[in-house]
Amino acid sequence: MDAWLARAGDWSAESESAMVARLEPSGERQVTPAPTLSLEEGALVITPSAAGHSLEYRVGGGRWQLYTEPASVNNNNGIEARAVRYGWEESESVSGF
């Protein structure tokens, strides 16, 4: 464990204000770029703008759901999606179909 901590670093003693300063060097939280939506063979496909973003979607203003694979949706229900990244603001919501 000591060897791993020497390589990876131990941030557990870092204060929250120091962590915020390190993650938000300009004083502003970075915003996750919005994903893109497409409909392929009747399935919703959400593509992140960069690796490491989690994706979520909702249909007809319902509850947000984690996107893990193309989802069957009725394209008349109003689909929204957004991207989230730990430590960043979530993206704007994008709509389609």
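The exercises below, each with a worked solution, concern a predicted model.

**Exercise 1.** Determine where Val-45 lies in the chain, whether Val-45 is buried or exposed, and which residues Val-45 touches beyond its neighbours in sequence.

*Solution.* Begin with the secondary structure, where Val-45 is placed in strand S2, a strand that covers residues 43–47. Next, take the relative accessibility of Val-45, which is 13%; because buried means under 20%, Val-45 counts as buried. Then set aside the neighbours within four places in sequence, and the contacts of Val-45 that remain are Thr-36, Leu-37, Ser-38, Glu-40, Tyr-67 and Pro-70. Finally, consider Glu-14, which is 31 residues from Val-45 in sequence and, from C-alpha to C-alpha, 39 Å from Val-45 in space.

**Exercise 2.** Work out the order of the strands in the open sheet that includes S2, and find which strands form its edges.

*Solution.* First read the order of the three strands, which is S1-S2-S5 in an open sheet with antiparallel pairing. Strand S1 (36–40) and strand S5 (71–72) are the edge strands, since each of them pairs on one side only. To look at one of the pairings in detail, take S2 and S5, which are joined in the antiparallel sense over two bridges; Ala-43 has Ser-72 in S5 as its bridge partner.

**Exercise 3.** Of the salt bridges in the structure, trace those that involve Arg-82, and state which residues are linked in a network.

*Solution.* The structure as a whole holds four salt bridges. One of them joins the side chains of Arg-82 and Glu-56, with an N to O distance of 2.4 Å. This pair links distant parts of the chain, for Arg-82 belongs to strand S6 (residues 79–84) and Glu-56 to strand S3 (residues 54–59), 26 residues apart. Arg-82 also meets Glu-90 in a salt bridge, at 2.9 Å from N to O. Glu-56, Arg-82 and Glu-90 are therefore linked in a network of salt bridges. As a last step, compare each accessibility with the cut-off: Arg-82 at 15% counts as buried, Glu-56 at 17% likewise counts as buried, while Glu-90 at 39% counts as partly exposed.

**Exercise 4.** Describe the salt bridge between Glu-80 and Arg-58, and decide for each residue whether it is buried or partly exposed.

*Solution.* The side chains of Glu-80 and Arg-58 meet at 2.8 Å, taken from N to O. Here too distant parts of the chain are linked, with Glu-80 in strand S6 and Arg-58 in strand S3, 22 residues apart. Glu-80 is buried, because its relative accessible area is 18%, whereas Arg-58, at 21%, counts as partly exposed.

How values were computed: Residues are numbered from 1 along each chain as its sequence is written. This is a predicted model: local features need pLDDT of at least 70, side-chain atom pairs count only at pLDDT 80 or more; totals for chains, interfaces and linings use all residues. Side-chain values use heavy atoms; hydrogens and water are left out. Helices (H or I, at least four residues) and strands (E, at least two) are DSSP runs, numbered from the N terminus. Buried means under 20% relative accessible area, exposed over 50%, partly exposed in between (1.4 Å probe, protein chains only). Contact means heavy atoms within 4.5 Å. Two strands pair if DSSP finds at least two bridges between them.
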